[in-house]
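User: Could you take a close look at the hollow spaces in this model for me? I would like one connected walk through them.

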Amino acid sequence: MNTGSQLHGDAVSGVDEILGDGTHVRVRPIHPDDLELERRFIEALSPASRYFRFMETLRSPSDALLKQMTVIDPATDAAYVAVVGEGDQQREVGVARFSARADGQDCEFAVTVSDEWQQKGLGSLLMARLIEVARARGIGAMHSSDAADNSRMRQFADHLHFQHKTDPDDPTMVRYTVDLKANSLPAAGMAVAAKVLP
């Protein structure tokens, strides 16, 4: 498993990672020319996974949405994809991103993994990448607002010890938070978690 300084030499090509079951994936920054890769990834998600990611019954993303998701503002955002295969056979199996507030003190994150790749530790690996990048930028906290009935997100958050509370304005939503200044969830520990998650 590559961690620490090795993660900073992957500006274009990415880093090869090995999941707990021995599966190989490449984790790299998302590129503007990944638009069709991202479209196929979203369309291949189950209806439930698409709903929990976008909070609507989206079947196929618009070109405008895909452009928003693949053209990243490096001043405030970061996004990484996990891919398998090469060339025309390359397939996206996971994506993680965050978008920071203008003051850079907090960012909203999202992690999505293909249904058949869930429970392999890939989400933890991608989250580790986001945490390391956010900390390197001096961001103090991360958060995500998700549906209260999203059991996979709840399990993911419990494994990684995220703080969570019901949204006081909307009991159907839960806000998950990660305090990056507390050093309670170091990226190295996240990488280990990716090895041991069921």
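What volume does the second largest pocket have?

Analyst: Happy to take you through it; please keep in mind that this is a predicted model. The second largest pocket has a volume of about 200 Å³. Its lining is made up of 13 residues, and Pro29, Ile30, Ile72, Pro74 and Ala79 are the ones nearest its centre. Strand S3 provides the largest share of that lining, with 4 residues. By character, the lining of this second largest pocket splits into 9 nonpolar, 2 polar and 2 charged residues.

For context, let's turn to the largest pocket, at about 1,000 Å³. It is lined by 45 residues, with Arg53, Ala110, Val111, Thr112 and Asp146 closest to its centre. Among the elements that give two or more residues to this lining are S3 (77–84), strand S5 (106–113), helix H4 (122–136) and strand S6 (141–147). The lining of the largest pocket holds 21 nonpolar, 16 polar and 8 charged residues.

Finally, there is the enclosed space: the count comes to 1 cavity of 30 Å³ or more, and the largest cavity holds about 40 Å³. Its lining includes Phe41, Ile42, Arg53, Val95, Arg97 and Thr112. Helix H1 (35–44) gives the most to this lining, with 3 residues, while helix H2 (47–54) and strand S4 (91–100) each supply at least two. The cavity lining divides into 6 nonpolar, 1 polar and 3 charged residues.

How values were computed
Residues are numbered from 1 along each chain as its sequence is written. This is a predicted model: local features need pLDDT of at least 70, side-chain atom pairs count only at pLDDT 80 or more; totals for chains, interfaces and linings use all residues. Side-chain values use heavy atoms; hydrogens and water are left out. On a 1 Å grid over the protein atoms alone, a cavity is a set of points where a 1.4 Å probe fits but cannot get out, and a pocket is an open set with protein on both sides within 12 Å along at least five of seven lines; lining residues have an atom within 4 Å of a point. Grid points are joined across faces, edges and corners, and a volume is the space filled by probe spheres set on the points. Ala, Val, Leu, Ile, Met, Phe, Trp, Tyr, Cys and Pro count as nonpolar, Asp, Glu, Lys and Arg as charged, and the others, Gly among them, as polar.
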